[in-house]
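The following questions and answers concern how two chains meet in a structural model. Please examine the sequence and the coordinates before reading on.

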Amino acid sequence: MGLPDIPPGIEKKVNKILSDLVIALVSIQSNYFQVNKKMWQGIKTPVLTPKDGVASAPDKSLKPTDQKESWTDAVIPLPASMEISTAVDVYEGPLGWGYMVRGEIEIAQKKWGKVINIGPETWHGHAWA
Amino acid sequence: MKNWRKKDSLWLPKLGNEKGFITILTGGVPVAGFDKTSLISWWSLDEESGTRNDSHGTNHLTDVNTVEYASGKKSNAARFVSSNAERLSCDSNTTLQMGQEQDFSLLAWVYFDSLSVVHVMAKPGEYYLYTPNNGSFYFYNEVNEAAVAIPGGILSSTWYFIVGWYDAVNNRIGILVNNTYGQELSSAGRAVGTNALSLGGNTTWGGYLTGRIDEAAILKRLLTNDEKTWLYNDGAGRAYSEL
């Protein structure tokens, strides 16, 4: 079961936002880890999950309480407005360090989420569900 | 040697054994113990960062979004910040999945720095120990839930010991807080699933905690009342090394 394509083309559009983010993060995370000995975390933005394909602007000033760099500070490219919320979660587990790019959208009053895992713990990742 | 057991390098007399529950005599006063039979995982949560190891089994918890530490009920506790979506997670596996016919129990100490909707321990689609921030704690098995209101409401800066259980033989679901406030009722059954186990919140429902969790565990059996009392220990709790 995939994301309902309502409005038409929405799945392709939001998947591209996530895949562009993954591409951008590869080099950023590598450099960030070398300096900080941890991965960069991105707080969920927009905070209110967008609904039914209506885009809203991400708040790039958000940052975790234990990290200095926001989305802007870390120079993470996000569109000016987005049909999904996204977050970058970082982890440290028995197999090592990694991170995951999360997407969230609400369609017809149902929340959908997708996680792209980059790192050793493949179980974090899943398609739209 | 069958009437003796070894504990902390000492051989102690095994004077009673009732439903897998060991009683020894100390100074003439019966002291309840804890039977590790069917204990799946015990997380002491003493680590200061990174992976939180399973003291008993192999369900080590991945640190997601940099869970810190603070003073705990026993040694350290894991300290979470909800705005950072901090949590500890473990992939689903057969030891954490509970079949339809499986008795099981969850237990954890929780401490709120601030009150909110919190999923203390949850495996979305299967079982949840949580509070919807209405002054009550709940144990939900995706079909039914047991709930217990705390007189005066749940307070911040206060430790609570929560035990939730599902009795598959008698179709009962129950919850007990601080070995005092409890509810047990009929449950029509329960759901099974394969989502990850998380402490401190989860990506399915949020419910992130600002506060601490300590000495959490999962068993594939029911606890006796004496074991619950022994684990609560008049509010002092028990460390894995005491089991």
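Q: How many bridges join strand S2 of chain A to S7(B)?
A: In this predicted model, strand S2 of chain A spans residues 85-93 and runs antiparallel to S7(B). Within this pairing, Glu92(A) has Asp63(B) as a bridge partner. The number of bridges that join the two strands is two.

Q: Which side chain of chain A does Arg87(B) meet in a salt bridge?
A: The count of salt bridges between chain B and chain A is one. A salt bridge requires a Lys or Arg side-chain nitrogen within 4 Å of a carboxyl oxygen of Asp or Glu. The N to O distance for Arg87(B) is 2.7 Å, so the pair satisfies this cut-off. The partner of Arg87(B) is Asp89(A).

Q: Which elements of chain B give two or more residues to the side that touches chain A?
A: Eight residue pairs are in polar contact between chain B and chain A, with both residues at pLDDT 80 or more. By class, the side of chain B that touches chain A has five nonpolar, ten polar and five charged residues. The elements that give two or more residues to that side are strand S7 (62-64) and strand S10 (87-90) of chain B.

Q: What area do chain B and chain A bury between them?
A: The contact involves 20 residues of chain B and 18 residues of chain A. On the chain B side, Thr62(B), Asn65(B) and Asn84(B) lose the most area to chain A, together 33% of what that side buries. Carbon and sulfur atoms carry 48% of the area buried between the chains, which is about 1,400 Å².

Conventions:
Residues numbered from 1 in each chain as written. Chains lettered and ligands numbered in written order. Predicted model: local features only at pLDDT ≥ 70, side-chain atom pairs only at ≥ 80, totals over all residues. Heavy atoms only, no water. Contact = heavy atoms within 4.5 Å. Buried area = accessible area lost by both parts, 1.4 Å probe. Polar contact = N/O pair within 3.5 Å; in protein donor to acceptor, adjacent residues only side chain to side chain. Helix = DSSP H or I, 4+ residues; strand = E, 2+ residues; numbered from the N terminus. Nonpolar A, V, L, I, M, F, W, Y, C, P; charged D, E, K, R; others polar. Pairing = 2+ DSSP bridges.
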